[in-house]
Amino acid sequence: MRTHPGELYVQRRSGYDHDGLGSAGMGVRLPEVARRFLTEQRMLLIGGADAAGALWASALYGPPGFLHAEGEREVIAETVPAAGDPLAGAFIVPSAIGALVLEPAGRRRMRVNGTGQVHGSRLIITADQVFANCPKHITPREVHGEADSGPAAAAGTRLTEEQSRFVARADTFFIATSAAGHGVDVSHRGGAPGFVLARDGRTLSWPEYRGNAMYMTLGNLHVQPRCGLLFVDWTGARPALRLTGRASIDWDPGRVAGHPGAERMIDFVVDRVVETPGPTLTWRSSQ
């Protein structure tokens, strides 16, 4: 894959001048260890664009084996986005998709980005990028039981007070970003509860901590501010919170002074809010 100009800009501005970081160094095939990892997982995060071009992040769940590989580049999910999910119709035809396979208990994650298409009750992802990530900032959690948070609760253009409180308690969220010619990516963001600031129902902010110097998310945001956020209630007690909007990078070092290890701040402006049923599983922190 060719060099991503947004990634290159963020890498250089952050002091990294090594070649091959980010998208430019990604493989396209699933090694055997990745194939085994897939079959053990119960959660898949996906990102894509709706018919209007808005980006959303979503989650799919299933028993071990609901994810598996076919051939060297295809990942199969034996489930699809449900009705009410903003991505429910996004992959009727082949469309750019970002996918993150997450194992909270082992603090392991793998990203598979490429093209997704729904065939019946299956989502088929043909990979253009396959790579593992380090365990930084992942809160360890183990599956505890089953859950049913009920039907979608709300949709709107700003966060309610209850939704803002939920965001302010979160230690994890997921972000979908994209860039023309470079597809869609989904990544994990984690920190101590309260690391996401919900100020006025329309604006969120969070610190960006030091990671693996790939800067795929920030590289996308540098050239394309549209993005989607997903907040999951790991207890299953409330619906999943999906936001779509625009994000910007603030390089002012003064804003991260109170966040040890952070390099910059991100500000996100909400365009739309959708709540849909939460995870079919409940998770318990194992810290």
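Good morning. I begin with one detail of the sheet: strand E3 is joined to strand E4, residues 74-77, by 4 bridges, and the two strands run antiparallel. Within this pairing, Glu 70 stands opposite Glu 74 of E4. I should say at once that the model under discussion is a predicted one.

Let me place that pair of strands in its setting. The open sheet to which they belong has 7 strands, in the order E2-E1-E5-E6-E7-E4-E3, with antiparallel pairing. Its edges are formed by strand E2, residues 55-61, and strand E3, residues 67-70, each of which pairs on one side only. From one strand to the next, the twist averages 35 degrees.

I turn now to the protein as a whole. It contains 4 helices and 17 strands. Its radius of gyration is 18 Å, close to the 19 Å that the globule rule gives for 287 residues, so the protein is as compact as a globular protein of that length. Taken along the principal axes, the box filled by the C-alpha atoms is roughly 50 × 45 × 40 Å. Of the 287 residues, 53% are buried. The accessible surface comes to about 11900 Å², and carbon and sulfur atoms account for 52% of that surface. As for contacts between residues at least 6 apart in sequence, 70% of them join residues at least 24 apart.

The remainder of my talk concerns charged side chains. How many salt bridges does a search of the whole structure find? The search finds 18. I shall discuss three pairs, and then one network.

The first pair on my list is Arg 35 with Glu 32, whose side chains meet in a salt bridge at 3.7 Å, N to O. Both residues lie in helix H2, residues 32-40, and they are 3 residues apart, about one turn of the helix. Arg 35 has a relative accessible area of 24% and is partly exposed. Glu 32 is likewise partly exposed, at 47%.

The next pair is Arg 122 and Glu 78, which form a salt bridge with their closest N and O atoms 3.0 Å apart. Which parts of the chain does this pair tie together? Arg 122 lies in strand E7, residues 122-133, while Glu 78 is in the loop between E4 and strand E5, residues 95-103, so the salt bridge ties together parts that are 44 residues apart in sequence. Arg 122 is partly exposed, with a relative accessible area of 25%, and Glu 78 also counts as partly exposed, at 35%.

The last pair is Glu 162 and Arg 238, a salt bridge in which the closest N and O atoms are 2.8 Å apart. Glu 162 belongs to helix H3, residues 161-169, and Arg 238 to the loop between strand E14, residues 226-231, and strand E15, residues 240-250, so this pair ties together parts that are 76 residues apart in sequence. Is Arg 238 buried or exposed? At 8% relative accessibility, Arg 238 counts as buried, because the cut-off for that class is under 20%. Its partner Glu 162 is partly exposed, with a relative accessible area of 33%.

Finally, the network: Glu 40, Glu 103 and Arg 108 are joined into one by salt bridges that share partners.

Thank you for your attention.

Conventions: Residues numbered from 1 in each chain as written. Predicted model: local features only at pLDDT ≥ 70, side-chain atom pairs only at ≥ 80, totals over all residues. Heavy atoms only, no water. Pairing = 2+ DSSP bridges. Axes fitted to C-alpha atoms, helices over the stretch in contact; angles between N-to-C directions. Salt bridge = Lys/Arg side-chain N within 4 Å of Asp/Glu carboxyl O. Buried < 20%, exposed > 50% of the residue type's maximum accessible area, 1.4 Å probe, protein only. Rg over C-alpha atoms; globule rule 2.2 N^0.38 Å. Contact = heavy atoms within 4.5 Å. Areas by Shrake-Rupley, 256 points an atom, 1.4 Å probe, with all protein chains shown as cover.
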